[in-house]
Amino acid sequence: MFLRRVLVALCGATVTFFLVVLVDLQLRIQTREKSGAIGAAGRGVWSDSRTHPGPPPGPSSPQYSWGQPQGRGNALSSALNRSLAALEQEIKYRRDRLSGLRGRVTPRPPLQLSDIFIAVKTTGRFHSSRLALLLETWISRTKDHTYIFTDREDKDLALKDYKVMVTNCSSEYSHQALSCKMSAEYDVFMASSKEWFCHVDDDNYLNPCALLRVLSAFPPHSDIYIGKPSLDHPIRAFEQLPDNSTVSTQHALKYNSEWQELQSQRLLNCNSLCLSLSLYPSLSPPSFLSQREVRFWFATGGAGFCLSRKLAEKMAPWASGPQFEQSSAVIRLPDDCTVGFIVEQRLGVPLLHSPLFHSHLENLQLISPQQLPQQVTLSYGLFEKEMNSVEIRGAFSPDTDPSRYHTATHTCTLKHFLTHSHSKVEKGQ
């Protein structure tokens, strides 16, 4: 009971103390305002007297009214009002400016399939086998964004509704012919307005949904070179350098064309075992050519690779027009190696290694059915003298569908992928 009285008394004393302090503060403010008004009035009289000579105003003068003091309090209040008004105007100005900026700067739309240039490289002798299979499966669903590069027309194959680019390149399987087609792919892409260039071979299965997911992860306007190398180490090559000695480089290359063809055939005929054991044949140039050894990574065209437009534009000095074939001749390597040479050696941009691109040079049976929807490309072919393709069950047997492309298209394992990717394609995305 005693403690309660003490607490009540303490609370009452505290309230009384704050009331006294508040009253004292108000009295002090009023006193200062009155004294400031008198000083301001006096200063105003003397100021006016210097400009307008005459007797100082008295208490009845309108310039000096005790009932309506024009002192420091009013001056502070007016200044505060002016500051608040200016602040409101500044806030309104900035708000209007931000609204205008929001109207001019639109958010970047998400990447769509129509933003990707898909190039398929093939040759006349594979139209009825490889290309026909792709037309029946994934190309039929991406034909508005897929460009087929070949070396001859084909009246037997229904290609009327597809974007077919017949080049003047040779049908031979040489690094010159391959580089010729890659040069055509690059030039057609650069003439388009698409944001990405993606190359695949005629034995690849492309998953457009997974491709969109992978490319969308990169920031726009960045230097991107993504794919899968066929080697576990950078390739070793010899770059020809200008030689001012007895024989010029161009004459030496012309004189040794047979030697170059022999070396390129040795490289292209290197089988999967040779690749897996890193036994690329030695490509030492003739002794009288100036050359230097270079090492670089490259994404194999057999698995597919992609380039961003910004990076592709930087490649132009070595890739546009006849420059790509000349760059290929400098290192005497095929088209996919030449792309890696330009990107890594000339531009200093590293290859982004991705496990989602696949070629027939790897064991495709290691890919589980659950992993298939995430893979960007698949392939098929002979690996160590046996058929190499993904293992997936479906309506087609391995005998009728050795590539498993029809099965991958119709199986319920890829139902989710097909539903989303096909709806996007049908909408023109």
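**Stop 1: Arg292 and its partner**

Start by selecting Arg292, which is partly exposed, with a relative accessible area of 34%. What you have open is a predicted model, so treat each stop as a look at a prediction. Now add Glu239 to your selection: the two side chains meet in a salt bridge, 2.6 Å from N to O. Arg292 sits in strand E8 (residues 291-296) and Glu239 in strand E7, so this pair ties together parts that are 53 residues apart in sequence. Is Glu239 buried or exposed? Glu239 has 5% relative accessibility, and because buried means under 20%, it counts as buried.

Here is the general idea behind this stop: side chains of opposite charge can pair when their charged atoms come close.

**Stop 2: two more salt bridges**

The structure holds 12 salt bridges, so let's pick out a couple of others. Select Glu362 and Lys228, whose closest N and O atoms are 2.8 Å apart. Trace the chain between them: Glu362 is in the loop between strand E10 (352-353) and strand E11 (377-378), while Lys228 is in the loop between strand E6 (225-227) and strand E7 (235-240), 134 residues apart. Glu362 counts as buried at 18% relative accessibility, and Lys228 counts as buried at 19%.

Next, go to Arg309 and Glu313, a salt bridge with its closest N and O atoms 3.8 Å apart. This pair stays within helix H9 (residues 309-314), with the two residues four apart, about one turn of the helix. Arg309 counts as buried at 16% relative accessibility, but Glu313 counts as partly exposed at 43%. While you're on charged pairs, select Lys121, Asp201 and Asp335 together: salt bridges that share partners join them into one network.

**Stop 3: the sheet**

Switch to a cartoon view and look for an open sheet of seven strands, in the order E3-E2-E1-E4-E9-E6-E10, with mixed pairing. Which strands stand at the edges? They are E3 (163-166) and E10, each with a single partner strand, so one side of each is left without a neighbour in the sheet.

A bit of background helps here. Strands of a sheet pair through backbone hydrogen bonds, either parallel or antiparallel.

Now select E1 (residues 116-121) and E2 (residues 146-150), which run parallel and are joined by four bridges. Zoom in on Ala119 and you'll find Tyr147 of E2 standing opposite. On the other pairing of E1, six bridges join E1 to E4, again in parallel. Val120 has Val200 as its bridge partner in E4.

**Stop 4: strand E4, inside and out**

Keep E4 (residues 196-201) selected. Besides E1, E4 pairs with strand E9 (residues 305-308), this time in the antiparallel sense over four bridges. Phe197 stands opposite Leu307 of E9.

How many of the six residues of E4 are buried? Six of the six are, so the strand is largely enclosed by the rest of the structure. Show the side chains and check both faces. In a regular strand the side chains alternate between the two faces of the sheet. For E4, that puts Trp196, Cys198 and Val200 on one side and Phe197, His199 and Asp201 on the other, all of them buried.

**Stop 5: helices H4 and H12**

Select helix H12 (residues 335-346) and look at where it rests: H12 packs on the sheet, touching E1, E6 and E9, and its direction makes about 145° with that of E6. Add helix H4 (residues 175-191), which packs against H12 at an angle of about 60°, with the axes 8 Å apart. That angle makes H4 oblique to H12. At the contact, Leu178, Ser179 and Met182 in H4 meet Asp335, Thr338 and Val339 in H12. Sorted by class, that's three nonpolar, two polar and one charged residues.

**Stop 6: two unusual backbone angles**

Most residues other than glycine have a negative phi. Select His221, in the loop between helix H5 (208-216) and E6, where phi is near 60°, a positive value. His221 is exposed, with a relative accessible area of 61%.

Finish at Arg332, in the loop between helix H11 (323-331) and H12. Arg332 also isn't a glycine, yet its phi is positive, about 55°. Is Arg332 buried or exposed? Arg332 counts as buried, at 2% relative accessibility.

Definitions and conventions: Residues numbered from 1 in each chain as written. Predicted model: local features only at pLDDT ≥ 70, side-chain atom pairs only at ≥ 80, totals over all residues. Heavy atoms only, no water. Buried < 20%, exposed > 50% of the residue type's maximum accessible area, 1.4 Å probe, protein only. Pairing = 2+ DSSP bridges. Salt bridge = Lys/Arg side-chain N within 4 Å of Asp/Glu carboxyl O. Axes fitted to C-alpha atoms, helices over the stretch in contact; angles between N-to-C directions. Parallel < 35°, antiparallel > 145°, perpendicular 65-115°, else oblique. Contact = heavy atoms within 4.5 Å. Nonpolar A, V, L, I, M, F, W, Y, C, P; charged D, E, K, R; others polar.
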